[in-house]
Amino acid sequence: MKKLGAVVLAILVLGGLGYYIAILQMSDVDETLYSIDIDKVRALATSIEGPLPTKINTEAPVGIEFPGAAVITGWSWSPHKLPIYAYQVMYPDGHIMIDAAMNEEQADLGGGASFFDAESYGRMTAALGSARKIVFTHEHYDHTGGAVAHPDAVELLKNQIVLTDLQLAYPENWLGIGFPEDALDEYEPLSYDGMMALAPGIVLVEAAGHTPGSQIVYVRRADGQEYFFIGDVAWTYAGIDQVRTRPNLVSRGLLGEDRARTHAQVAELKALEAENPTLAIIVGHDAPRTGNQIASGLLGNQFE
Ligand SMILES: [Zn+2]
Ligand SMILES: [Zn+2]
């Protein structure tokens, strides 16, 4: 009996340790892993001549739901809503899209959509079609799916879609939802070192971590308002505010993230925001925060 007691105790201890590592463990931030030179970003933002963006619209045509414990290390298991946003950067004479959400079938791959708004998805599809450029915060299908599933996907890829070499380097990250391979054969991805200007007022800043192809999209509006579109560096703003990442089980186990670098990124974003309080950090899947940013006029609530 004594032996059985010891075995049970060992199982409980190991189980507890496993749970702790999988769900609760957070290390200290290694700040040497990531930094953004904001002065350099600002200089690049005006390095391409032309009028700056006047307005940025957003909509989430689709949403999913995860347990909170999967979203942020240390959160409860109760369900947490994750709407899937895309963004339209308006210029006086056209627009650029950041991300493309996904459709209802694609959402089934990750457990199904918690909502799908066909009218909103239709507006996004039209906005993708007429965009001057389409750029992605990263290669995951909840950010690229709407472009992949677009009726003119191959034409978009030829003329408007800007994918980086790192976004295409690891096809497994597309989880089977990608552009036709023969169309990609002729595609020349963007390659840059650290950061590059994409268009007047828009700068791409490398942010490998969540995925190898992750990048932060900086936008400067004509009135001086600045934005960081961070995609999935954190799924909700609390990740930045609390300087916490996804738990090991999700981060390392399911997503294959560089969790330490993602941790350094949320710390850097928090520090940049403290130094630049008007800088608007736009998070990929945070309904209350995005709702507030719409209410305050930082974002418009419908694609045009
Ligand atoms: Zn992602
Ligand atoms: Zn995402």
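Me: Which strand gives the largest share of the lining of the largest pocket?
Reply: Strand β1 does, with three residues. Please note that this is a predicted model.

Me: Which other elements supply at least two residues there?
Reply: Besides β1 (55-67), the elements that each supply at least two lining residues are β2 (79-91), α6 and α11 (248-254).

Me: How much space lies in that pocket, and what lies nearest its centre?
Reply: The largest pocket holds about 460 Å³ of space. Its lining comprises 23 residues, and F66, Y141, L175, W235 and L255 lie nearest the centre. By class, the lining divides into 15 nonpolar, five polar and three charged residues.

Me: What about the second largest pocket?
Reply: That pocket offers about 230 Å³ of space. Residues lining the second largest pocket include L168, P171, W174 and F179. Helix α9 (residues 181-185) contributes the most to this lining, with three residues. The classes there are six nonpolar, two polar and two charged.

Me: How many cavities of 30 Å³ or more are there?
Reply: The structure holds one, and the volume of this largest cavity is about 30 Å³. Its lining is formed by V71, I72, V233, A234, W235, G239, R244, T245 and R246. Five of these lining residues are nonpolar, two are polar and two are charged.

Me: Turning to the metals, what coordinates the zinc ion (ligand 2)?
Reply: The donors are D142 (OD), H143 (NE2), D232 (OD), D232 (OD) and H285 (NE2), at 2.1 to 2.8 Å. Along the chain, their spacing is D-H-x88-D-x52-H.

Me: Which residue bridges this ion and the zinc ion (ligand 1)?
Reply: D232 bridges the two ions, which lie 3.6 Å apart. D142 and D232 link distant parts of the chain: D142 belongs to helix α6 (residues 141-148), while D232 is in the loop between β10 (226-229) and α10 (238-241), 90 residues apart.

Me: Are D142 and D232 buried or exposed?
Reply: Both D142 and D232 are buried.

Me: Different topic: which residues of α5 are buried?
Reply: They are S120, Y121, M124, T125, A127 and L128. Viewed down the axis of α5, these buried residues fall within an arc of 165 degrees, so they line one face of the helix. The face turned away from the buried side carries the exposed residues A118 and E119.

Me: What span should helix α5 have, and why?
Reply: Helix α5 (residues 118-129) has twelve residues and should span 16 Å, because the calculation uses 1.5 Å a residue. Its end C-alpha atoms are 16 Å apart, which agrees.

Terms used: Residues are numbered from 1 along each chain as its sequence is written. Chains are lettered from A and ligands numbered from 1 in the order in which they are written. This is a predicted model: local features need pLDDT of at least 70, side-chain atom pairs count only at pLDDT 80 or more; totals for chains, interfaces and linings use all residues. Side-chain values use heavy atoms; hydrogens and water are left out. Donors are N, O and S atoms within 2.8 Å of the metal (3.2 Å for Na, K and Ca); water is not among the atoms, so sites may look incomplete. Helices (H or I, at least four residues) and strands (E, at least two) are DSSP runs, numbered from the N terminus. Buried means under 20% relative accessible area, exposed over 50%, partly exposed in between (1.4 Å probe, protein chains only). On a 1 Å grid over the protein atoms alone, a cavity is a set of points where a 1.4 Å probe fits but cannot get out, and a pocket is an open set with protein on both sides within 12 Å along at least five of seven lines; lining residues have an atom within 4 Å of a point. Grid points are joined across faces, edges and corners, and a volume is the space filled by probe spheres set on the points. Ala, Val, Leu, Ile, Met, Phe, Trp, Tyr, Cys and Pro count as nonpolar, Asp, Glu, Lys and Arg as charged, and the others, Gly among them, as polar. The expected span of a helix is 1.5 Å times one less than its number of residues. The arc is that of the directions from the helix axis to the C-beta atoms.
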